[in-house]
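Biologist: I would like to learn how to read charged pairs in a model. Please take me through them.

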Amino acid sequence: MSFSARCVPRPRPPGDGGPARWYEERLGWATVAGPPVGLLTGLRFDVLELPAAAGRAVLRRAGAGGTGPVALVGRRMRLLVAAGSAEELPGLLDWLEWGGISLDLSALGAGSRMAAPVPPGWSGSGAPGAAVWLRAPEPGRAVEPSLPALWTAARGGAAAPCLVRLVAAAAAECHRVRLLSACPLDGLPGRPVGRPVERSVRPVPQQLTPQRFASS
(Lines give C-alpha, C1' and ligand atoms only; values in the text may rest on other atoms or scores of the structure.)
Protein backbone atom coordinates (compact mmCIF):
# COMPACT_ATOMS: atom_id res chain seq x y z
CA MET A 1 0.00 0.00 0.00
CA SER A 2 1.45 3.34 -0.99
CA PHE A 3 0.95 6.45 1.03
CA SER A 4 0.45 9.73 -0.69
CA ALA A 5 2.33 12.75 0.58
CA ARG A 6 -1.06 14.17 1.37
CA CYS A 7 -1.39 11.70 4.26
CA VAL A 8 1.56 13.25 6.08
CA PRO A 9 0.61 16.45 7.87
CA ARG A 10 2.83 19.38 7.14
CA PRO A 11 4.77 20.94 10.00
CA ARG A 12 2.84 23.80 11.56
CA PRO A 13 4.58 27.14 11.03
CA PRO A 14 5.37 29.16 14.20
CA GLY A 15 2.70 31.74 13.44
CA ASP A 16 -0.10 29.29 12.63
CA GLY A 17 -3.28 30.28 14.41
CA GLY A 18 -2.34 33.94 14.60
CA PRO A 19 -1.45 36.11 17.58
CA ALA A 20 -4.58 35.14 19.52
CA ARG A 21 -3.58 31.49 19.64
CA TRP A 22 -0.01 32.39 20.59
CA TYR A 23 -1.14 34.51 23.56
CA GLU A 24 -3.69 31.95 24.71
CA GLU A 25 -1.41 28.91 24.46
CA ARG A 26 2.01 30.35 25.31
CA LEU A 27 1.00 32.86 27.99
CA GLY A 28 -2.49 31.81 29.04
CA TRP A 29 -3.89 35.30 28.37
CA ALA A 30 -7.50 35.83 27.37
CA THR A 31 -8.00 37.40 23.95
CA VAL A 32 -10.83 38.90 21.92
CA ALA A 33 -11.19 38.75 18.16
CA GLY A 34 -9.91 41.61 16.05
CA PRO A 35 -8.67 43.13 14.02
CA PRO A 36 -6.56 43.89 15.84
CA VAL A 37 -6.58 41.03 18.31
CA GLY A 38 -7.17 42.36 21.83
CA LEU A 39 -5.80 41.26 25.19
CA LEU A 40 -8.31 41.44 28.01
CA THR A 41 -7.17 43.51 30.98
CA GLY A 42 -8.28 43.07 34.56
CA LEU A 43 -7.69 39.30 34.58
CA ARG A 44 -3.96 38.60 34.56
CA PHE A 45 -2.81 42.21 34.42
CA ASP A 46 -3.88 45.86 34.17
CA VAL A 47 -2.20 48.55 32.08
CA LEU A 48 -0.84 52.03 32.76
CA GLU A 49 -0.95 54.17 29.63
CA LEU A 50 1.04 57.36 29.13
CA PRO A 51 2.77 59.36 26.37
CA ALA A 52 5.73 57.54 24.86
CA ALA A 53 8.09 60.44 25.68
CA ALA A 54 7.18 60.19 29.36
CA GLY A 55 7.29 56.40 29.23
CA ARG A 56 10.86 56.33 27.92
CA ALA A 57 11.97 58.50 30.83
CA VAL A 58 10.15 56.19 33.24
CA LEU A 59 11.95 53.17 31.79
CA ARG A 60 15.31 54.89 32.22
CA ARG A 61 14.50 55.72 35.84
CA ALA A 62 13.09 52.30 36.67
CA GLY A 63 15.86 50.23 35.09
CA ALA A 64 15.53 46.70 33.75
CA GLY A 65 13.86 45.26 36.84
CA GLY A 66 11.59 48.17 37.69
CA THR A 67 8.74 47.32 35.31
CA GLY A 68 6.92 44.36 33.86
CA PRO A 69 6.29 43.92 30.14
CA VAL A 70 6.03 47.17 28.18
CA ALA A 71 4.32 47.83 24.83
CA LEU A 72 4.41 50.76 22.43
CA VAL A 73 1.36 51.77 20.36
CA GLY A 74 2.11 54.73 18.14
CA ARG A 75 2.94 57.62 20.50
CA ARG A 76 1.52 55.86 23.56
CA MET A 77 3.31 53.51 25.92
CA ARG A 78 1.59 50.79 27.92
CA LEU A 79 3.12 49.34 31.08
CA LEU A 80 1.66 46.11 32.40
CA VAL A 81 0.94 46.17 36.13
CA ALA A 82 -0.77 43.82 38.58
CA ALA A 83 -4.47 43.14 38.08
CA GLY A 84 -6.53 45.53 40.19
CA SER A 85 -4.04 48.39 39.87
CA ALA A 86 -6.31 50.41 37.57
CA GLU A 87 -8.86 51.02 40.29
CA GLU A 88 -6.10 52.08 42.67
CA LEU A 89 -4.67 54.73 40.34
CA PRO A 90 -6.93 57.68 41.32
CA GLY A 91 -6.30 57.13 45.03
CA LEU A 92 -2.57 56.71 44.47
CA LEU A 93 -2.35 59.96 42.53
CA ASP A 94 -4.22 61.78 45.32
CA TRP A 95 -1.88 60.29 47.94
CA LEU A 96 1.15 61.34 45.89
CA GLU A 97 -0.32 64.87 45.66
CA TRP A 98 -1.01 64.68 41.94
CA GLY A 99 -4.79 64.61 42.30
CA GLY A 100 -6.69 67.10 40.16
CA ILE A 101 -3.71 67.73 37.83
CA SER A 102 -4.05 66.82 34.16
CA LEU A 103 -1.29 64.32 33.51
CA ASP A 104 -2.41 62.29 30.47
CA LEU A 105 -1.86 59.19 32.62
CA SER A 106 -4.61 56.58 32.55
CA ALA A 107 -5.21 52.90 33.27
CA LEU A 108 -6.97 49.95 31.66
CA GLY A 109 -8.53 47.46 34.03
CA ALA A 110 -11.50 45.11 34.29
CA GLY A 111 -13.73 45.21 31.24
CA SER A 112 -11.12 46.82 28.97
CA ARG A 113 -8.67 45.54 26.42
CA MET A 114 -5.38 46.48 24.82
CA ALA A 115 -4.28 45.79 21.28
CA ALA A 116 -2.10 42.68 21.19
CA PRO A 117 1.47 43.48 20.13
CA VAL A 118 3.14 41.27 17.54
CA PRO A 119 4.41 38.23 19.49
CA PRO A 120 8.17 38.29 20.14
CA GLY A 121 10.17 36.54 17.46
CA TRP A 122 7.53 37.00 14.78
CA SER A 123 8.56 38.72 11.58
CA GLY A 124 7.02 42.04 10.69
CA SER A 125 5.35 44.58 12.92
CA GLY A 126 1.90 44.69 11.34
CA ALA A 127 0.29 47.91 10.18
CA PRO A 128 2.01 51.26 10.76
CA GLY A 129 1.51 52.29 14.36
CA ALA A 130 0.61 48.75 15.42
CA ALA A 131 1.44 47.66 18.95
CA VAL A 132 4.93 46.25 19.51
CA TRP A 133 6.72 44.96 22.59
CA LEU A 134 9.57 46.99 24.06
CA ARG A 135 9.92 44.56 26.96
CA ALA A 136 8.16 41.36 25.98
CA PRO A 137 6.66 38.74 28.31
CA GLU A 138 8.48 35.41 28.42
CA PRO A 139 6.52 32.34 27.28
CA GLY A 140 6.43 29.57 29.86
CA ARG A 141 6.82 31.94 32.80
CA ALA A 142 4.00 33.43 34.85
CA VAL A 143 3.79 37.16 34.22
CA GLU A 144 2.42 38.08 37.64
CA PRO A 145 5.72 38.01 39.60
CA SER A 146 7.20 40.65 37.28
CA LEU A 147 4.29 43.10 37.51
CA PRO A 148 4.45 46.23 39.67
CA ALA A 149 2.03 45.78 42.56
CA LEU A 150 0.98 47.28 45.88
CA TRP A 151 1.42 44.00 47.71
CA THR A 152 5.04 43.36 46.81
CA ALA A 153 5.76 41.02 49.71
CA ALA A 154 3.54 38.09 48.71
CA ARG A 155 5.38 37.20 45.52
CA GLY A 156 7.02 33.86 46.21
CA GLY A 157 10.12 35.30 47.83
CA ALA A 158 11.09 37.60 44.96
CA ALA A 159 9.96 41.17 45.46
CA ALA A 160 7.87 42.53 42.60
CA PRO A 161 8.43 46.09 41.37
CA CYS A 162 6.63 48.67 43.51
CA LEU A 163 3.50 50.14 41.94
CA VAL A 164 3.70 53.27 44.10
CA ARG A 165 7.18 54.14 42.85
CA LEU A 166 6.20 53.42 39.26
CA VAL A 167 3.11 55.65 39.47
CA ALA A 168 5.16 58.41 41.15
CA ALA A 169 7.74 58.28 38.35
CA ALA A 170 5.04 58.13 35.65
CA ALA A 171 3.16 61.12 37.10
CA ALA A 172 6.33 63.21 37.35
CA GLU A 173 7.42 62.41 33.79
CA CYS A 174 3.93 63.00 32.37
CA HIS A 175 3.89 66.38 34.10
CA ARG A 176 7.35 67.18 32.73
CA VAL A 177 6.25 66.35 29.19
CA ARG A 178 3.22 68.62 29.48
CA LEU A 179 5.39 71.45 30.79
CA LEU A 180 7.91 71.04 27.99
CA SER A 181 5.08 71.31 25.47
CA ALA A 182 3.85 74.54 27.07
CA CYS A 183 6.02 77.15 25.34
CA PRO A 184 4.57 80.22 27.14
CA LEU A 185 6.74 79.36 30.17
CA ASP A 186 9.90 80.04 28.17
CA GLY A 187 11.56 83.38 28.67
CA LEU A 188 10.11 84.18 32.10
CA PRO A 189 12.41 86.30 34.31
CA GLY A 190 15.07 84.06 35.80
CA ARG A 191 14.04 81.08 33.66
CA PRO A 192 16.27 80.01 30.76
CA VAL A 193 14.47 79.20 27.53
CA GLY A 194 13.46 75.54 27.44
CA ARG A 195 13.50 75.19 31.25
CA PRO A 196 9.87 75.00 32.44
CA VAL A 197 8.89 75.57 36.02
CA GLU A 198 8.82 72.18 37.70
CA ARG A 199 6.44 71.23 40.45
CA SER A 200 7.99 69.83 43.59
CA VAL A 201 6.98 66.25 44.29
CA ARG A 202 6.73 64.73 47.74
CA PRO A 203 9.30 61.91 47.87
CA VAL A 204 7.94 58.39 48.08
CA PRO A 205 8.63 56.87 51.52
CA GLN A 206 11.34 54.25 51.64
CA GLN A 207 9.15 51.82 53.53
CA LEU A 208 5.56 51.51 52.35
CA THR A 209 2.90 49.73 54.36
CA PRO A 210 0.65 47.67 52.06
CA GLN A 211 -2.76 49.29 51.94
CA ARG A 212 -5.58 49.93 49.58
CA PHE A 213 -5.72 53.28 47.86
CA ALA A 214 -9.42 53.41 47.12
CA SER A 215 -10.63 56.08 44.77
CA SER A 216 -13.33 58.36 46.10
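Biologist: Is Glu 144 buried or exposed?

Modeller: Buried means under 20% relative accessible area, exposed means over 50%, and partly exposed is in between (1.4 Å probe, protein chains only). Glu 144 has 27%, so Glu 144 is partly exposed. This is a predicted model: local features need pLDDT of at least 70, side-chain atom pairs count only at pLDDT 80 or more, and totals for chains, interfaces and linings use all residues. Residues are numbered from 1 along each chain as its sequence is written, and side-chain values use heavy atoms, without hydrogens and water.

Biologist: Which side chain meets Glu 144 in a salt bridge?

Modeller: A salt bridge is a side-chain nitrogen of Lys or Arg within 4 Å of a carboxyl oxygen of Asp or Glu. Arg 44 is the partner, at 2.5 Å, N to O. Arg 44 sits in the loop between strands S2 and S3, and Glu 144 in the loop between strand S8 and helix H4, so the pair ties together parts 100 residues apart in sequence. Helices (H or I, at least four residues) and strands (E, at least two) are DSSP runs, numbered from the N terminus.

Biologist: What about a pair within one helix?

Modeller: Take Arg 176 and Glu 173, a salt bridge at 3.4 Å, N to O. Both lie in helix H4, 3 residues apart, about one turn of the helix. Arg 176 is partly exposed at 32%. Glu 173 is buried at 7%.

Biologist: Which residues do shared partners join into one network?

Modeller: Glu 49, Arg 76, Arg 78 and Asp 104.

Biologist: How many salt bridges does the whole structure hold?

Modeller: The search finds 7.
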